[in-house]
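Hi there,

Here is the structure I promised to pass on to you. Have a look at it first, and my notes follow below.

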Amino acid sequence: MTAATAAVGRRLPSLGRVSLVRGMIEIKQFARQRENVIFTFSLPIILLLLFGQIFHGEVGHTGVSFRQYFIAGIIASGLMSATFVGVGVSIAADRDDGTLRRLAGTPLQPAAYFAGKAILAFVTAVLEVAALLAVGVAFLGLHLPDSPGRWLTLAWVLALGSATCSMLGIAIGVLIRSTRSAFATMNLPYLVLSFISGVYFVFSRLPAGLQHVAAIFPLKWICQGLRSAFLPDRLLAVEPAHSWEHGKIALVLGIWFVASLVVCVRTFRWQRQGDR
Amino acid sequence: MIAMAEIAAASRRPATSRPGIPGSGECAIRVRGLRKRYRSEAAVDGIDLDIKRGEIFALLGPNGAGKTTTIEILEGHRRRDGGEVSVLGADPAAAGRAWRGRIGIVPQTQIAAGELTVREVVSQFGAYFPDPRDPDEVIGAVGLSSQARTRLRRLSGGQLRRVDVAVGIVGRPELLFLDEPTTGFDPQARRTFWDLIAGLADDGTTIVLTTHYLDEAAALASRVGVLAGGRVVAMGTPADLGRVDDAATVSWQASDGSRTVRTDAPTGYVLALAREAGGEIAGLTVTRPSLEDRYLELIGASQNGATS
């Protein structure tokens, strides 16, 4: 039997199978880099504990402490950090160390490579959120969602938010020139959005202009979705639309997800033009 | 210096294409007038190649001769500026995933040493191909069985290079590209590697490698293309390249100092000398240019046009 005859009639492995292989590889690589794991998980937890000590008072006359409002925001922010920033930086690293070039020499589809990144991002986001919830409940008086409906809200906001931020991270990550500039490049939009999306400040107290800008981007909607999972409906008094707007959250996140997916699929090249 | 006889003895491949290989005789690779420029420098300046299925073909040349540029264009990793290229019946610049599933690549750069184990890396790459080899067999073939569970970060440079080879062959490629595969190997490791490549060729894999080691090309390849300054300056079997139709050089010690004569008929010349000397000729040597001399002459002739 020769190589030539053996290959005849064999199909390329399915996208689903290869995506899982990529996902496992990404998870193993991430989990074995101790500094990376510690950095990714500890920063939001430190921020949570730090600001939990600083922030006091109640949001409007809703009876909701600002601390709790802030916890929902920092969970959203932690989710974006684990997905958007993490994915963007890791793609730049893959380009830098020749991983992309090597994968380019195989039949691997870019979609499976993206899916692997998204799987890792989802797993880290879930762990991140679980860690933040544990710290919030243990030290800062956060209440876990009190009905199946709210748990369901938490689940879909988490899944859709993580998928959207991962895709955005890929779309931006492929443009980055080197690992050294990756952290700065990914952190700029992440930090700016954190400040205007209702993480560190009550969203409806921000200047109207900033609110409009924030409403274009996903993080504001993830924050709002998580508040609807964790905080009582009394808070609706200070929400901009006096409603949790679940439909709109799903719509905005869905549009961002599809748009970044299309950008990734249409613009992604394993290698830069200049390198060819 | 490597004498011709040693080259011939070291050669594991018969010079002709081997019979009994299905598809043998067909072209695996056909290149006509290939050109590539980097800014104003021509890296590849009009190359023609015909590489048959089942063949081990070596692109031999000094650094900057255009070997890597050529092999990367064949792999579909680099765009060409001109010429026709067909690899396994497709244009590499436009070929799809099914085509990628039929080739294997060992690039010049070493795999990034990370936190994955040898086995994880090899089986990962196998999983992308339609009909992969067993990862453990491949790891055994490159001699890393006892490092299978070691993370790449802990491997030596030579061991990482063997991971590169394992990754290149795990997809059971019909056509394997190797870009300077043994750079940095010790002599023992090179021998083992040559045996591995010869074994793959016996299984029907077409192999294209670049090297700047003359002995590697001579020991491994059924045919060699010598590249210099982006052009093919010689092409043929290792025996063809070393064929001696040049004049021999006869040197000896005469009473008034050393003498050197170039002649097409050294035997007669030495007989005449012996008669003249009436016995032993002091310090007699008869030499012909070695394969290495020929090679250095070939690439030296076009060094003025060489680019990097």
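The centres of domain 2 of chain B and domain 3 of chain B, taken over C-alpha atoms, are separated by 57 Å. Please keep in mind that this is a predicted model. Chain B is divided into three parts: domain 1 covers 1–102 + 174–244 + 290–308, domain 2 covers 114–172 and domain 3 covers 247–287.

Next, the contact between the chains. Chain B contributes 35 residues to it, and chain A contributes 28 residues. On the side of chain B that touches chain A, the elements giving two or more residues are α3 (97–100) and α4 (118–126) of chain B. By class, that side of chain B has 14 nonpolar, twelve charged and nine polar residues.

You may also like the sheet in chain B. It is open and has six strands, in the order β5-β6-β7-β3-β8-β9, with mixed pairing. At its edges stand β5 (103–106) and β9 (231–236) of chain B; each has a single partner strand, so one side of each is left without a neighbour in the sheet. On average, and with direction ignored, neighbouring strands of this sheet are turned by 15° against each other.

Looking inside the sheet, strand β6 (residues 175–179) and strand β7 (residues 206–211) of chain B run parallel and are joined by five bridges. L178(B), for instance, has L209(B) in β7(B) as its bridge partner. Helix α7 (residues 187–202) of chain B packs on this sheet, where it touches β3 (56–60), β6 and β7 of chain B. The direction of helix α7 of chain B makes about 150° with that of β7(B).

Finally, two backbone details to check when you have the model open. L88(B) has a phi near 50°, a positive value in a residue other than glycine, and R172(B) likewise has a positive phi near 50° without being a glycine. L88(B) sits in the loop between β4 (82–87) and α3 of chain B, whereas R172(B) sits in the loop between α6 (157–169) and β6 of chain B.

Are these two residues buried, exposed or partly exposed? L88(B) has 19 C-beta neighbours inside 10 Å, so it counts as partly exposed; being buried takes 20 or more. R172(B) has 26 other C-beta atoms within 10 Å and is therefore buried.

Happy to talk it through whenever suits you.

Best wishes

How values were computed: Residues numbered from 1 in each chain as written. Chains lettered and ligands numbered in written order. Predicted model: local features only at pLDDT ≥ 70, side-chain atom pairs only at ≥ 80, totals over all residues. Domains from an automatic or database assignment. Contact = placed C-beta atoms within 7 Å. Helix = DSSP H or I, 4+ residues; strand = E, 2+ residues; numbered from the N terminus. Nonpolar A, V, L, I, M, F, W, Y, C, P; charged D, E, K, R; others polar. Pairing = 2+ DSSP bridges. Axes fitted to C-alpha atoms, helices over the stretch in contact; angles between N-to-C directions. Buried ≥ 20, exposed ≤ 12 C-beta atoms within 10 Å, placed from the backbone.
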